[in-house]
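Hi,

Here's the structure I promised to pass on. Have a look at it first, and my notes follow below.

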Amino acid sequence: MTEAVIETDGLTKRYGSTVAVDDLDLTVSHDEIYGFLGPNGAGKSTTIGMLMDYVRPTAGRVRVLDGDPQADVVEVHDRLGILPDRYSLYDGHTARQHLALVIDTKRANDSPEKLLARVGLSDAIDQDVATFSQGMEQRLALAMALADEPDLLVLDEPFTGLDPHGVRTVREIVHEENDRGAAVFFSSHVLGQVELVCDRVGILHRGRLVAQGTVDELRTRADVEGDASVEEIFVSITDEATPADERTAEGDR
Ligand SMILES: Nc1ncnc2c1ncn2[C@@H]1O[C@H](COP(=O)(O)OP(=O)(O)OP(=O)(O)O)[C@@H](O)[C@H]1O
C-alpha cells in the first residue's frame with residue numbers, strides 16, 4: 001500500500017449548474033488526523049460521498065485505501081469505518097442489535113458491549129433506538145464506525161448533537177484510533193475541537209481547497225494575530241476567498 005489512504009486528483013462534482021466540488025486534489029496520509037473544514041454548502045459531504053461511492057464524480061480520480069471506491073467497493077468498505085452525515089437506525093431494534101449486524105457484516109470479532117462502552121452508551125445497550133436522543137444516536141453511529149478496527153475512519157460532523165462529555169469522548173476516540181494505526185478524516189464545524197485533534201486541516205470553500213496545512217501554518221498564512229483561534233483563521237481564509245461584494249451576505253448566513 002502507498003502511504004496515502006485518501007488521494008483525489010481533479011475530483012469534481014456538478015449538480016446542474018452548481019459545482020459542489022471543484023477540481024479537488026487531496027492527499028491524506030496513513031498516519032494522520034485530517035480535519036476537513038468549510039462553510040455550509042462548501043462541498044464537504046459531497047466529497048465524503050465520493051470517497052464512499054455514495055456519490056459519483058463528474059470528473060477526476062479518487063483512491064481510498066489504495067483502491068477504487070467504485071470498482072473495489074467491498075474491499076474498500078471492509079477496511080474503513082464511516083460515520084455519514086445522514087444515517088438510518090432501525091426503530092424497534094436495540095443498540096446491541098445494530099452493533100451485532102455491523103460486526104456480522106464485517107465478520108469482525110468485536111463485542112457490542114466493548115464498542116458501546118467506548119462511546120459511553122453501555123447503559124442503553126438493550127434499549128430500542130426509537131427512544132434515543134440525537135446525541136445517543138450519534139454515539140451509536142460512531143460505535144458502528146469503530147467495528148473491526150478500520151484502517152481509515154471517515155467521520156462527517158462527528159460532534160453533532162453531543163454534549164461536552166460526548167465531544168471529549170469523540171476526541172479521545174479519534175486519538176486512540178490514530179494511536180492504534182488508523183488514519184482519521186473528519187469534517188467539522190466545531191472549530192475549537194479541530195486544533196485539539198487534527199494534525200492537518202484543509203479548508204474547502206465553494207468546492208475548492210483554499211488552504212491546507214497544520215493549524216500553525218494556516219495561522220501564519222492567514223491575515224490574523226499570532227494567537228488567533230481556528231475560528232479566526234477560518235473566517236479570515238474563507239473571507240479572503242470570497243469576492244468582496246459577497247462577503248457581508250455570506251457572513252450573515
Ligand atoms: N443531491 C444534490 N443535488 C443538488 N445539489 C446538491 C446535492 N447535494 C449537494 N448539493 C449542493 O452541493 C453543494 C455542496 O453541498 P454539501 O452538502 O457537500 O456541502 P457541505 O460542505 O457538506 O455543507 P454543510 O456544512 O452545510 O453540511 C451545495 O451547494 C449543495 O446545495
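The shell around the ligand splits into three nonpolar residues, seven polar ones and one charged one. Keep in mind that this is a predicted model. The residues in question are Tyr15, Thr18, Ala20, Gly38, Asn40, Gly41, Ala42, Gly43, Lys44, Ser45 and Thr46. Two elements, strand 2 and helix 1 (44-52), each supply two or more residues to that shell. Which of them gives the most? That's helix 1, with three residues.

Strand 2 also turns up in a sheet, so to speak, of its own kind: an open one of three strands, in the order 2-1-4, with antiparallel pairing. Strand 2 (18-29) and strand 4 (59-64) are at the edges with a single partner strand each, so each has one side left without a neighbour in the sheet. From one strand to the next, the twist averages 15°. Strand 1 (residues 4-15) and strand 2 run antiparallel and are joined by eight bridges. If you want a spot to start from when you trace that pairing, Ala4 has Ser29 in strand 2 as its bridge partner.

Now for strand 6 (residues 152-156), which I'd suggest looking at next. Is it buried or exposed? Five of its five residues are buried, so the strand is largely enclosed by the rest of the structure. Side chains in a regular strand alternate between the two faces of the sheet. Here, Leu152, Val154 and Asp156 point one way, while Leu153 and Leu155 point the other way, and all of them are buried. For the Asp156 side chain, then, the direction is shared with Leu152 and Val154.

What does strand 6 pair with? One partner is strand 5 (residues 80-83), in the parallel sense and over four bridges. In that pairing, Ile82 stands opposite Val154 of strand 6. Strand 7 (residues 183-187) is another partner, again in the parallel sense, this time over five bridges. There, Asp156 has Ser187 of strand 7 opposite. Strand 6 and strand 7 are also linked through helix 6 (residues 164-180), and the three together make a right-handed β-α-β unit.

If you'd like a short route through the model, begin at the ligand shell with helix 1 and its three residues, move along strand 2 to its antiparallel partner, strand 1, and finish at strand 6, where the residues on both faces are buried.

Shout if anything is unclear.

Cheers

Definitions and conventions:
Residues are numbered from 1 along each chain as its sequence is written. This is a predicted model: local features need pLDDT of at least 70, side-chain atom pairs count only at pLDDT 80 or more; totals for chains, interfaces and linings use all residues. A residue is buried if 20 or more other C-beta atoms lie within 10 Å of its own, exposed if 12 or fewer, and partly exposed in between; C-beta atoms are placed from the backbone. Two strands pair if DSSP finds at least two bridges between them. A crossover is right-handed if, with the strands pointing away from the viewer, the path from the first strand over the helix to the second runs clockwise. Axes are lines fitted to C-alpha atoms, for helices over the stretch in contact, and angles run from 0 to 180 degrees between N-to-C directions. A residue is near a molecule or strand if its C-beta atom, placed from the backbone, lies within 6 Å of it. Ala, Val, Leu, Ile, Met, Phe, Trp, Tyr, Cys and Pro count as nonpolar, Asp, Glu, Lys and Arg as charged, and the others, Gly among them, as polar.
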